[in-house]
Amino acid sequence: MDKLKDLFESYTGQRATESEELNSSGSNRRYFRLKGGNISVVGVVGTNKEENNAFVKLSRHFLDKGIKVPKVLAVSDDGMRYIQEDLGDDQLYKVVSHGRESGEYSSYESMLLCRAMETLPKIQFKGAQGLDWSVCYPEPAFNERMVMFDLNYFKYCFLKATGLDFNEVRLQDDFEKLKDDLMCDMGDTFMYRDFQARNVMIKDGEPYFIDFQGGRKGPIYYDVASFVWQARSRYPETLRKEMVQRYLTSLKGFMPVDEEHFHERLRLFVLFRTLQVLGAYGFRGYFEKKPHFLASVPYALSNLRKLLQKPFTDYPYLNEILTTIATMPQFNNIAEDKRLEVRVFSFAYKKGIPVDTSGNGGGYVFDCRAINNPGKYEHYRQFTGLDQEVIKFLEDDGGVTKFLDNVYSLVDNHVKCFIERKFTHMQVCFGCTGGQHRSVYCAERLAAHLSDRFDIKITLSHRELDIERII
């Protein structure tokens, strides 16, 4: 962190007075928001110099092509860390969270998803123009070895873990045929490889793209399959069709399109991507003992069942195996979400501490009354801790920042412990005099902090304001 702050100071001429670690979504790379003066950047600490170099070179190339990606501002001498433009906090995955949880996407959520798909061909085609493919990490192109890695990932980490008896020779024959078919119709285009809603930021209503360092030369269908058939997104079939059609309309600006051929090829890559995802879920769930990934398996198999409505006759034994898996009882129902749920409350002490309805009685109650109270000033009484006026008052005073740093340290350790012990509920309450200013601000900040750091369910309740929402 000290070296990252030194890089910030060297580039900006300012000291980094604030730092906050951001969610890395399971990556080994670590991300930090650094602030000094009126400057905010994102600092990245990588574990692999070549991977860092790939991101830096690709970012500069994409910007030259007019593609919206974060600008890399400075790179350390050893290449292990760099700072980049701060695109804010509006990750597409979070912005469309209501649709993902409910299965019903609003017109606004649908518009943003379609806008991301409309932009994808620009990355694939303009991003490939004049690109030095040798900078791509770890491979310059999608190849047969990569296909077999992923197919074997499915076989060893998911299929074998189900206990299903199968003929490896017959399965390998179909894998070889599938590999050959996937390698047809490659094209000189950029394959993002991890194109998903988590890697799209929304800034000024437009999509910006991050975490493309694993990209390489490859077929256009892979990224479409990755985004539109993302297992837990629960996109309705009508929305899927709309996203693909919007992609095709944009694609026609770069190449002639035979839509029937496109859909045939896309279906093959949806199958491949689904097998790859099941392999990843199997490894994370069965071998790393992370139950959230096993809870995601039924979502992937739901996609698979729809695919199998039209059999894959070119791969008869694989089709037979997948049909058997899709009907196995343990995968028939969407599993209950057993992630830890943290309920965060703001309240007024004069009305009592919120009751823990889960029956577990675990968590914290924090007294915010030692923080400077904006409510004692007439001007602020009309506002709440949700309003910018109160937020500025509290942050300018500074006491709330130190208070929350201590809260974060305590609660983070508690959450980690509860996740490891597979607890399902925890409650954190912030109390103040009226339950309107300080406690509301603190509850909001903790909920956002936990959402960025942990894959948990969060319910935020401002009791005295009669506001409740799921983060």
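Two strands count as a pair when DSSP finds at least two bridges between them. Keep that in mind as you work through these exercises on a predicted model.

**Exercise 1. Work out how β7 and β8 are joined, and find the partner of Val 200 in β8.**

Step 1. Locate the strands: β7 covers residues 200–203, and β8 covers residues 206–209.
Step 2. Look at the pairing. β7 and β8 run antiparallel and share four bridges, which satisfies the cut-off of at least two.
Step 3. Go across from Val 200, and you meet Phe 209 in β8.
Step 4. Now look at the connection. Two residues lie between the strands, making a hairpin, and Asp 204 in its turn has a positive phi of about 55°.

**Exercise 2. Describe the open sheet of five strands, from one edge to the other.**

Step 1. Read off the order, which is β11-β12-β10-β13-β14, with mixed pairing.
Step 2. Check the edges. β11 (363–367) and β14 (467–470) each have a single partner strand, so each has one side without a neighbour in the sheet.
Step 3. Follow the twist: from one strand to the next, it averages 10°.
Step 4. Recall what holds such an arrangement together: strands of a sheet pair through backbone hydrogen bonds, in either a parallel or an antiparallel way.
Step 5. Take one pair as an example. β11 and β12 (residues 425–432) are parallel, with five bridges. Within this part of the sheet, Gly 363 has Gln 427 of β12 as its bridge partner.
Step 6. Add the helix. α15 (residues 438–453) lies across β10 (341–348), β12, β13 (457–462) and β14, and runs at about 170° to β13.

**Exercise 3. Find the length of helix α9 and name its buried residues.**

Step 1. Find α9 at residues 237–251, a helix of 15 residues.
Step 2. Go from its first C-alpha to its last: the span is 21 Å, close to the 21 Å expected at 1.5 Å a residue.
Step 3. Apply the cut-off for buried, which is under 20% relative accessible area. In α9, the buried residues are Leu 239, Arg 240, Met 243, Val 244, Tyr 247, Leu 248, Ser 250 and Leu 251.

**Exercise 4. Inspect three loops for special backbone features.**

Step 1. Begin in the loop between α5 (107–125) and α6 (144–159), where Pro 138 sits. The peptide bond leading from Tyr 137 to Pro 138 is cis, with omega near 0°.
Step 2. Move to Arg 234, in the loop between α8 (221–228) and α9. Arg 234 is not a glycine, yet its phi is positive, near 55°. With a relative accessible area of 36%, Arg 234 is partly exposed.
Step 3. Finish at Asp 466, in the loop between β13 and β14. Here too a residue other than glycine has a positive phi, near 55°. Asp 466 is exposed, at a relative accessible area of 72%.

**Exercise 5. Step back and decide how compact the whole protein is.**

Step 1. Take stock of the elements: there are 15 helices and 14 strands.
Step 2. Compare the radius of gyration, 24 Å, with the 23 Å from the globule rule for 471 residues. The two are close, so the protein is as compact as a globular protein of that length.
Step 3. Picture the box filled by the C-alpha atoms, roughly 75 × 55 × 40 Å along the principal axes.
Step 4. Turn to burial and surface. Of the 471 residues, 51% count as buried. The protein exposes about 22,000 Å², with 48% of that supplied by carbon and sulfur atoms.

Terms used:
Residues numbered from 1 in each chain as written. Predicted model: local features only at pLDDT ≥ 70, side-chain atom pairs only at ≥ 80, totals over all residues. Heavy atoms only, no water. Axes fitted to C-alpha atoms, helices over the stretch in contact; angles between N-to-C directions. Contact = heavy atoms within 4.5 Å. Expected span 1.5 Å × (residues − 1). Buried < 20%, exposed > 50% of the residue type's maximum accessible area, 1.4 Å probe, protein only. Rg over C-alpha atoms; globule rule 2.2 N^0.38 Å. Areas by Shrake-Rupley, 256 points an atom, 1.4 Å probe, with all protein chains shown as cover.
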